[in-house]
Amino acid sequence: MNIIIDKNLKLELISLSHADELYRLTDDNRKFLNKWLPWVKQTNNVSDTKDFIRNSIKKSKEKNGFDCLIIYNNKIAGVIGLVEINKARNVTEIGYWLGEKYTGIGIMTKSCKVLTDHCFKELKLNRVIIKCEISNKASQHIPERLGYFKQGVMKRDSFYNQKYEDNVQYSMFKREWNKDSE
Ligand SMILES: CC(C)(COP(=O)(O)OP(=O)(O)OC[C@H]1O[C@@H](n2cnc3c(N)ncnc32)[C@H](O)[C@@H]1OP(=O)(O)O)[C@@H](O)C(=O)NCCC(=O)NCCS
């Protein structure tokens with residue numbers, strides 16, 4: 001799956017050929033990412049990144065979700081994907097991250113917009129969720145910019161760095177998204 005967003009930006013389904021470059025991006029941004037993403041501490045060499053990619057390919061084959069590389073000016077800038085697809089409830093959750101030098105220019109808002117669109121138009125899902133830690137304002141701004149509904153705060157929802165954190169849950173529904181794009 002490839003989605004062209006504009007002349008500098010595209011989403012490309014993750015594959016093992018990207019492992020070295022993706023590990024380098026993770027390693028170069030360890031300090032920036034570590035604050036929010038628990039898997040960073042467990043990613044210590046390229047074979048850890050390969051394990052992630054293999055699991056992602058399996059998930060994709062089983063139609064339980066997928067992960068895309070965000071390619072900006074022909075370089076990997078980050079990852080966005082569907083954490084899982086709950087087929088019984090027709091709902092999925094989007095997760096994302098960028099290398100620090102790629103932040104502040106709208107890459108994630110644009111990527112999240114096309115992926116949300118893909119969820120409704122191609123996958124025919126009914127709802128897309130984005131969950132952000134309550135202190136992660138940069139992350140919350142993305143669903144807010146795209147018109148997602150703030151559904152509420154889930155108390156003590158994640159446990160990371162030896163503490164529990166509240167999470168804000170945002171949702172977008174197919175009928176609301178279609179209304180905006182008509
Ligand atoms: C969360 C994260 C992806 C947000 O990155 P970001 O750069 O703020 O998001 P975007 O790429 O959408 O860029 C938005 C910024 O670009 C600016 N911008 C410029 N052009 C823009 C455009 N066309 N559209 C939207 N925003 C634009 C916005 O004003 C905003 O800048 P600001 O933060 O100074 O207000 C990033 O901080 C990150 O990877 N953090 C670490 C991992 C993480 O937290 N992941 C999420 C876990 S829930």
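## Backbone contacts to the ligand

In this predicted model, a nitrogen atom of the ligand sits 2.9 Å from a polar backbone atom of Tyr-96. Leu-98 also brings in its backbone: one of its polar backbone atoms is 2.8 Å from an oxygen atom of the ligand. Then there's Ile-107, where a backbone N or O atom lies 3.0 Å from a ligand oxygen. On its own, the ligand has 930 Å² of accessible area, and the protein covers 70% of that.

## The pocket and its shell

Where does the ligand sit? You'll find it in the largest pocket. There are 21 residues around the ligand, and the ones that come nearest are Leu-98, Gly-104, Met-108, Thr-109 and Asn-136. Leu-98 therefore turns up twice if you're keeping a list: as one of those nearest residues, and through its polar backbone atom, given that 2.8 Å falls within the 3.5 Å cut-off for a polar contact.

Which elements each supply at least two residues of the shell? Three are helices: H2 (30-34), H4 (107-121) and H5 (137-145). Strand S5 (91-98) does so too. As for chemistry, the shell divides into 12 nonpolar, six polar and three charged residues.

## Two positive phi angles

Now for the backbone torsions. Most residues other than glycine have a negative phi. Arg-156 goes the other way, with a positive phi of about 45° although it is not a glycine. This arginine is found in strand S7, which spans residues 149-160. Is Arg-156 buried or exposed? Arg-156 counts as exposed because its relative accessibility is 54%, and the cut-off for that class is over 50%.

Asn-161 is another non-glycine residue with a positive phi, here about 50°. Look for Asn-161 in the loop between S7 and strand S8 (163-173). Its relative accessibility is 39%, so Asn-161 counts as partly exposed.

## Helix H3 and the loop after it

Lys-61 has its place in helix H3. With a relative accessible area of 70%, Lys-61 is exposed. Follow the chain between Lys-61 and Lys-50 and you cover 11 residues, while their C-alpha atoms are separated by 16 Å.

Asn-64 lies in the loop between helix H3 (46-61) and strand S3 (66-72). Why does Asn-64 count as partly exposed? Because its relative accessibility comes to 28%, and partly exposed runs between the 20% and 50% cut-offs. Asn-64 and Leu-22 are 42 residues apart in sequence, and the C-alpha to C-alpha distance between them is 22 Å.

## The chain start and helix H1

Met-1 is found in the segment before strand S1 (2-4). It's partly exposed, at a relative accessible area of 34%. Its C-alpha atom is 10.0 Å from that of Asp-67, although 66 residues separate Met-1 and Asp-67 along the chain.

Asp-20 belongs to helix H1, residues 19-28. Asp-20 counts as partly exposed because its relative accessibility is 48%. Check Asp-20 against Val-79 and you get a C-alpha separation of 14 Å, with the two residues 59 apart along the chain.

Key: Residues numbered from 1 in each chain as written. Predicted model: local features only at pLDDT ≥ 70, side-chain atom pairs only at ≥ 80, totals over all residues. Heavy atoms only, no water. Near = heavy atom within 4 Å. Polar contact = N/O pair within 3.5 Å; in protein donor to acceptor, adjacent residues only side chain to side chain. Areas by Shrake-Rupley, 256 points an atom, 1.4 Å probe, with all protein chains shown as cover. 1 Å grid on protein atoms, 1.4 Å probe; cavity = no way out; pocket = protein on both sides within 12 Å on 5 of 7 lines; lining within 4 Å. Sits in = over half its atoms within 2 Å of the grid points. Helix = DSSP H or I, 4+ residues; strand = E, 2+ residues; numbered from the N terminus. Nonpolar A, V, L, I, M, F, W, Y, C, P; charged D, E, K, R; others polar. Buried < 20%, exposed > 50% of the residue type's maximum accessible area, 1.4 Å probe, protein only.
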